[in-house]
Amino acid sequence: MADAVREELLALAAIFCGPHEWEVLSRSETDGTIFRIHTKAEGLLDADIPLELVFHLPVSYPLCLPGISVNSEHLTRAQCVTVQEKLLEQAENLLSEPMVHELVLWIQKNLRHILNQPETGNGSEKCTFSVSTTVDDGLWITLLHLDHMRARTKYVKTVEKWASDLSLTGRLMFLGKIILILLQGERNNIKEYLTLQKTSKVDVDSSGKKCKEKMISVLFETKVETEHKRFLAFEVKEYSALDELQKEFETAGLKKIFSEFVLGLVK
């Protein structure tokens with residue numbers, strides 16, 4: 001771990017020293033550090049909104065973007081995703097120097113403005129998918145959650161084709177009603193996949209008409225080093241028990257991601 005990152009973590013622990021404000025979730029010489037910060041920011045009604053921010057600092061941070069996840073019981077999933085995207089955009093302006101505290105201060109100041117904008121829309125999506133390729137170079141991993149699949153056979157074939165066309169590896173995972181997509185590859189290709197997922201009529205609605213995917217959420221994303229590549233192919237897997245799914249994540253070295261972002265889906 002670089003001295004600057006070590007100093008940043010010590011500073012963050014001192015700043016967020018209140019009960020449950022700061023928690024280190026994982027430390028690894030190969031995968032970096034994952035930690036959680038609980039803070040508050042002013043919302044639309046002048047009331048403070050509790051925010052849970054999970055940061056993943058890869059070993060090459062701060063030369064690359066941190067992974068960021070946003071959760072709050074007071075925000076919709078779409079709002080959480082928008083806040084996450086805005087934080088990543090802001091992080092691009094802070095590359096090469098420790099940035100976590102700056103990002104927390106920024107969201108505390110700007111959350112109200114972000115929530116005052118439409119949750120989704122062409123403007124937001126276009127901005128999200130136009131990040132500098134210099135920043136995005138390298139291998140990324142993204143975990144997606146789908147609410148449902150009505151036309152499952154067609155949907156699965158479409159996902160497999162997109163992954164193949166975009167040279168993405170990973171898993172499409174089913175456990176009961178839980179549907180997860182774990183993608184690994186170049187970040188621009190993952191972004192193109194997300195664009196296809198959101199703009200293509202890949203499923204059907206309750207009346208059987210073709211429809212676009214509106215119930216997809218990004219649970220987690222981060223940059224990983226190329227030598228840490230975990231998946232050699234894209235596979236579709238179905239699990240009969242939670243421990244089978246957990247083992248899949250643990251085998252891939254993603255135990256903490258499972259604990260933080262998957263377990264909550266089955267509670």
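**View 1. Lysine K86 and its surroundings in helix α2.** In this predicted model, K86 sits in helix α2, which covers residues 77-92. The relative accessibility of K86 is 17%, and because the cut-off for a buried residue is under 20%, K86 counts as buried. Leaving aside residues up to four places away in sequence, the contacts of K86 are with W106, I114 and Q117.

**View 2. The open sheet of strands β1 to β4.** The sheet shown here is open and is built from 4 strands, which follow one another in the order β1-β2-β3-β4 with antiparallel pairing. Its edges are formed by β1 (22-28) and β4 (67-71), each of which pairs on one side only. From one strand to the next, the twist averages 20 degrees.

**View 3. The β2-β3 hairpin and the pairing of β3 with β4.** Strand β2 (residues 32-42) and strand β3 (residues 48-57) run antiparallel and are joined by 10 bridges. Among the residue pairs of this ladder, I34 has H56 in β3 as its bridge partner, while A41 is partnered by I49, also in β3. The two strands form a hairpin with 5 residues between them, and in the turn D46 has a positive phi of about 65 degrees. Strand β3 also runs antiparallel to β4, to which it is joined by 5 bridges; one of the pairs here is F55 with I68 of β4. Of the 10 residues of β3, 8 are buried, so this strand is largely enclosed by the rest of the structure.

**View 4. Two helices and the sheet.** Helix α1, made of residues 3-15, lies across β1, β2 and β3, and its direction is at about 155 degrees to β1. Helix α9 (residues 255-266) also packs on the sheet, where it touches β1, β2, β3 and β4, and the angle between its direction and that of β1 is about 150 degrees.

**View 5. The buried and exposed sides of helix α8.** Within helix α8 (residues 242-251), the buried residues are L245, E248 and F249. Viewed down the axis of α8, these buried residues fall within an arc of 95 degrees, so they line one face of the helix. An α-helix has 3.6 residues a turn, so residues three or four places apart point the same way. The other side of α8 carries the exposed residues D243, K247 and T251. The packing partners of the buried residues of α8 are the strands β5 (139-146), β6 (169-175), β7 (178-186) and β11 (234-239), together with helix α9. After α8 comes G253, whose phi is positive, near 75 degrees.

**View 6. The second largest pocket and its lining.** The space in the second largest pocket comes to about 310 Å³. This pocket is lined by 13 residues, of which N71, R77, F261, G264 and L265 are the closest to its centre. Strand β10 (216-224) and helix α9 each supply at least two residues of the lining, and it is α9 that gives the most, with 6 residues. Helix α9 thus links this view with two of the others, since it also packs on the sheet and is among the elements against which the buried residues of α8 pack.

Key
Residues numbered from 1 in each chain as written. Predicted model: local features only at pLDDT ≥ 70, side-chain atom pairs only at ≥ 80, totals over all residues. Heavy atoms only, no water. Pairing = 2+ DSSP bridges. Axes fitted to C-alpha atoms, helices over the stretch in contact; angles between N-to-C directions. Contact = heavy atoms within 4.5 Å. Buried < 20%, exposed > 50% of the residue type's maximum accessible area, 1.4 Å probe, protein only. Arc of directions from axis to C-beta. 1 Å grid on protein atoms, 1.4 Å probe; cavity = no way out; pocket = protein on both sides within 12 Å on 5 of 7 lines; lining within 4 Å. Points joined across faces, edges and corners; volume = space filled by probe spheres on them.
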